[in-house]
Amino acid sequence: MSLISVSFRWHMAHILDLHFSPCARLHGHSYNIEVQLSGEVNKDGMVMDFGEVKDIISNKFDGWDHRVLLPWNKTGPYLGFCTTPEEKAEQMMEPKYMSFAAEHGTYIFPAIDCVLIPDIKNTTAEELSRYMFGRITEILPVTKVIVRETESNYAEYNRLMYDGETRTL
């Protein structure tokens with residue numbers, strides 16, 4: 001059994017709702033995402049081609065780079081805003097704007113700039129690493145996912161945590 005690791009750098013913004021610090025406001029990071037996989041070395045002398053792994057993971061999280069991350073479990077819905085009554089039907093299917101009601105105010109973003117992440121409480125590094133692990137493990141033998149917000153701050157979600165958790169991912 002061998003381990004391989006691939007890294008990604010994505011620039012994303014988020015809001016830590018209900019967190020009483022400057023991070024409760026819209027801010028961003030240059031996230032470093034590390035994904036570690038395990039497997040047997042194949043006939044070509046590798047667990048899996050690094051380029052293939054990067055392509056698979058990039059496709060799974062297509063559109064996250066340079067976007068605003070929003071949790072999709074809020075009690076109030078995200079709303080599509082329309083400018084005329086005629087646009088209402090179209091807006092219901094594909095909204096042009098998304099609203100996010102935070103503790104200190106409501107943000108309105110162009111929908112194209114947002115990524116709605118289902119089943120997370122908040123867009124913390126901890127929640128993002130858990131969410132990403134659950135999605136990657138559907139297609140690759142992932143052992144851990146590390147989400148770094150800064151050089152010194154990161155969260156990790158790994159196989160031991162996943163195996164001990166009820167499958168709600």
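**Sheet, helices and side-chain pairings in a predicted model**

R130 is buried, and E127 is buried as well. In this predicted model, the side chains of R130 and E127 meet in a salt bridge, with an N to O distance of 3.4 Å. Both residues belong to helix α3, where they are 3 residues apart, or about one turn of the helix. Helix α3 itself comprises residues 125-136 and lies across β1, β2, β3, β6, β7 and β8. The direction of helix α3 makes an angle of about 150° with that of β7.

The strands crossed by this helix are those of an open sheet. The sheet has 6 strands in the order β6-β3-β1-β2-β7-β8, and the pairing is mixed. Strands β6 (114-117) and β8 form the edges, each of them pairing on one side only. From one strand to the next, the twist averages 30°. Strands of a sheet pair through backbone hydrogen bonds, in either a parallel or an antiparallel manner.

Within the sheet, strands β1 (residues 2-14) and β2 (residues 27-39) run antiparallel and are joined by 13 bridges. In this pairing, S5 stands opposite Q36 of β2. Helix α1, formed by residues 50-60, packs on the sheet and touches β1 and β2. The direction of helix α1 makes about 35° with that of β1. At the other end of the strand order, β7 (residues 142-148) is joined to β8 (residues 154-158) by 5 bridges, and the two strands run antiparallel. Strands β7 and β8 form a hairpin, with 5 residues between them. The bridge partner of R148 is Y154 in β8.

The contacts of helix α1 were examined further through I57, which lies in this helix. I57 has a relative accessible area of 0% and is therefore buried. When neighbours within four places in sequence are left aside, I57 is in contact with V6, F8, V35, I136 and L140. Of these partners, V6 and F8 fall within the residue range of β1, V35 within that of β2, and I136 within that of helix α3. The C-alpha atoms of I57 and I136 are 7.0 Å apart in space, although the two residues are 79 residues apart in sequence.

A second buried position was examined at H14, which is placed in strand β1. The relative accessible area of H14 is 0%, so this histidine is classed as buried. The side chain of H14 is joined to that of H29 by a polar contact of 3.3 Å. A further polar contact, of 3.4 Å, joins the side chains of H14 and Y31. Both H29 and Y31 fall within the residue range of β2. Beyond its neighbours within four places in sequence, H14 is in contact with R25, L26, H27, H29, Y31, L69, T123 and E149. Among these partners, L69 falls within the range of β3 (67-71).

Side chains of opposite charge can pair when their charged atoms come close. The count of salt bridges in the model comes to 3. Besides the pair in helix α3, a salt bridge is formed by K60 and E138, whose closest N and O atoms are 3.1 Å apart. This pair links distant parts of the chain, since K60 is in helix α1 whereas E138 is in the loop between α3 and β7, 78 residues apart. K60 counts as partly exposed because its relative accessibility is 33%. A salt bridge is also formed between D44 and K43, with the closest N and O atoms 3.6 Å apart. D44 is exposed because its relative accessible area is 53%. K43 is likewise exposed, with a relative accessible area of 79%.

Cysteines were also considered. A disulfide is a covalent bond between the sulfur atoms of two cysteines. The count of disulfides in the model comes to 0. With a relative accessibility of 29%, C23 counts as partly exposed. C114, by contrast, counts as buried, because its relative accessibility is 13%, which lies under the 20% limit for buried residues. C114 falls within the residue range of the edge strand β6.

Technical notes:
Residues are numbered from 1 along each chain as its sequence is written. This is a predicted model: local features need pLDDT of at least 70, side-chain atom pairs count only at pLDDT 80 or more; totals for chains, interfaces and linings use all residues. Side-chain values use heavy atoms; hydrogens and water are left out. Two strands pair if DSSP finds at least two bridges between them. Helices (H or I, at least four residues) and strands (E, at least two) are DSSP runs, numbered from the N terminus. Axes are lines fitted to C-alpha atoms, for helices over the stretch in contact, and angles run from 0 to 180 degrees between N-to-C directions. Contact means heavy atoms within 4.5 Å. A disulfide is a pair of cysteine sulfur atoms within 2.5 Å. Buried means under 20% relative accessible area, exposed over 50%, partly exposed in between (1.4 Å probe, protein chains only). A polar contact is a pair of N or O atoms within 3.5 Å; within protein, one must be able to donate a hydrogen and the other to accept it, and residues adjacent in sequence count only if both atoms are side-chain atoms. A salt bridge is a side-chain nitrogen of Lys or Arg within 4 Å of a carboxyl oxygen of Asp or Glu.
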